[in-house]
Amino acid sequence: MKSIEIFTDGACRGNPGPGGWGAILRSGEHYKELRGGMLETTNNRMEMTAVIEALKSIKEPAELLITTDSKYVIQGIEEWLVQWKKRGWRTASKKPVKNVDLWQELDQLVGLHNVRWQWVKGHAGHEENERADALANLGVDEVLKLQAVG
């Protein structure tokens, strides 16, 4: 089974506001960068979208190490998800889970792979996290340019 490292980040200018996501995939000598953005979103949605888009780009099951600075993503997937599913996508206080569409998609995609998660402190000099952040900000810039033109 192929081993792939994934580094992700999301960005938002205003929360909600225009946002972007960035991801880096690395396997041996192969290296790929992905990015995108949305005009009206939240930082948490962009953090999740970065991971989702990275996973969607992988063609076959793999051993993955996903590194992110989002505690929301890691806690959601490692701590909260099982209980949310048991409660019909409700929180402990019986409220609907926020971003349920993305959590369901992320849950499905993660299930295709053997995934380990690693948290890094954001904006602390971690090379790949800094690059993923730069990609996320490029994603914001690109959607804002498209909006200005359109």
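**View 1. The lining of the largest pocket mixes four nonpolar, three polar and five charged residues.** The model shown here is predicted. The largest pocket holds about 230 Å³ of space. Its lining includes the charged residues Lys2, Arg26, Lys32, Lys59 and Glu60. Ile4, Leu25, Tyr31 and Ile58 are the nonpolar part of the lining. Ser27, His30 and Ser57 are the polar part. Three strands each give two or more residues to this lining: β1 (2-12), β2 (17-27) and β3 (30-41).

**View 2. The largest nonpolar core has 32 residues.** Ile6, Leu55, Leu64, Leu106 and Trp117 touch the most other members. Both helices and strands build this core. Two or more residues come from each of β1, β2, α1 (43-56), β4 (62-68), α2, α3 (100-110) and β5 (114-119). Helix α1 gives the most, with seven residues. In soluble globular proteins, nonpolar side chains tend to be buried together.

**View 3. Tyr72, Trp80, Trp84 and Trp103 form one aromatic cluster.** The model has four aromatic pairs. One of them joins tryptophan 80 and tryptophan 84: the ring centres are 5.7 Å apart and the planes meet at 45°, so the pair is tilted. A tilted pair has planes that are neither under 30 degrees apart nor over 60. Both tryptophans lie in helix α2 (residues 71-86). They are four residues apart, about one turn of the helix.

**View 4. Tryptophan 80 is partly exposed, whereas tryptophan 84 is buried.** How can we tell? Buried means under 20% relative accessible area, and exposed means over 50%. Tryptophan 84 has a value of 8%, so it counts as buried. Tryptophan 80 has a value of 30%, so it falls in between.

**View 5. The charged end of lysine 71 sits over the ring of tryptophan 119.** The distance from this charged end to the ring centre is 4.7 Å. Lysine 71 is in helix α2, which spans residues 71-86. Tryptophan 119 belongs to strand β5 (114-119).

**View 6. Asparagine 15 lies in the loop between β1 and β2.** Is asparagine 15 buried or exposed? Its relative accessibility is 54%, so asparagine 15 counts as exposed. Look next at threonine 41. In sequence, asparagine 15 and threonine 41 are 26 residues apart. In space, their C-alpha atoms are 7.2 Å apart. Threonine 41 belongs to strand β3 (30-41).

Key
Residues numbered from 1 in each chain as written. Predicted model: local features only at pLDDT ≥ 70, side-chain atom pairs only at ≥ 80, totals over all residues. Heavy atoms only, no water. Phe/Tyr/Trp six-rings, centres within 6.5 Å; stacked < 30°, edge-to-face > 60°. Buried < 20%, exposed > 50% of the residue type's maximum accessible area, 1.4 Å probe, protein only. Lys NZ or Arg CZ within 6 Å of the ring centre and 35° of its normal. 1 Å grid on protein atoms, 1.4 Å probe; cavity = no way out; pocket = protein on both sides within 12 Å on 5 of 7 lines; lining within 4 Å. Points joined across faces, edges and corners; volume = space filled by probe spheres on them. Core = buried A, V, L, I, M, F, W, Y, C linked by side-chain atoms within 4.5 Å.
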